[in-house]
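Let's take a friendly walk through a protein fold. Have the sequence and the 3D view ready, and follow along one element at a time.

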Amino acid sequence: MIIVARTDPHHPQATALLKQSHALMQELFPPEDNFYLDIDDLVAPDIHFFTARIGEDILGTGALMIKPDYGEVKSMFVAEAARGKGIAAALLRQIEDTARDEGLHMLKLETGNVLKAAHRLYARHGFIECGVFGDYANAKSSVFMEKAL
């Protein structure tokens, strides 16, 4: 069974996954196109950080950043060995539920253009492509998506 819970990003297993995610983003994209949050930034009061685990093993991370007019999905990552097990879907459901609890009516996200599995995941959950938003630049390596709640 997948358990999703609010977690301190400094938990050793969460930190290890976040570092894997950051390393992958640095490998795939130029520095100016990396928009991930540092681990210390994920403890801000406007961020809900979640992990998904099976048993005692944390296998995925995801976060909701509360903005004035929408919520932003951040820090979505699943350990390679756990992909295809529903971890990301469980995290997204928790993020959506939390956004609704916060009274938000829209979720938005930025993801990399080469992350095709992520695009498919988000599309399956009702996200559609949209234009650039917030403080993002219109980078060639970015795909922007949104979902009305």
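We can begin with a pair of strands: β4 and β5 run parallel and are joined by two bridges. To find one of these contacts in the view, look for E72, whose bridge partner in β5 is K108. Keep in mind as you look that this is a predicted model.

How do the strands of a sheet hold on to each other? They pair through backbone hydrogen bonds, and the pairing can be parallel or antiparallel.

Now turn to another partner of β5. Strand β5 (residues 106-112) and strand β7 (residues 142-148) run antiparallel, with seven bridges joining them. Two places to look are L109, which has M145 of β7 as its bridge partner, and E110, which stands opposite F144 in β7. Helix α3 (residues 116-124) packs on the sheet here, touching β4, β5 and β7. The direction of α3 makes about 165° with that of β5.

Is β5 mostly covered or mostly open? Strand β5 is mostly covered, with six of its seven residues buried.

Next, step back to see the whole sheet. It is an open sheet of seven strands with mixed pairing, in the order β1-β2-β3-β4-β5-β7-β6. At its edges are β1 (2-6) and β6 (128-129), each of which pairs on one side only.

Finally, find helix α2 (residues 87-101), which lies across β1, β2 (47-54), β3 (57-66), β4 (71-78), β5 and β7. Helix α2 runs at about 30° to β3. Together with β4 and β5, where our walk began, α2 makes a right-handed β-α-β unit.

Conventions. Residues numbered from 1 in each chain as written. Predicted model: local features only at pLDDT ≥ 70, side-chain atom pairs only at ≥ 80, totals over all residues. Heavy atoms only, no water. Pairing = 2+ DSSP bridges. Helix = DSSP H or I, 4+ residues; strand = E, 2+ residues; numbered from the N terminus. Contact = heavy atoms within 4.5 Å. Axes fitted to C-alpha atoms, helices over the stretch in contact; angles between N-to-C directions. Buried < 20%, exposed > 50% of the residue type's maximum accessible area, 1.4 Å probe, protein only. Right-handed = clockwise from strand over helix to strand, strands pointing away.
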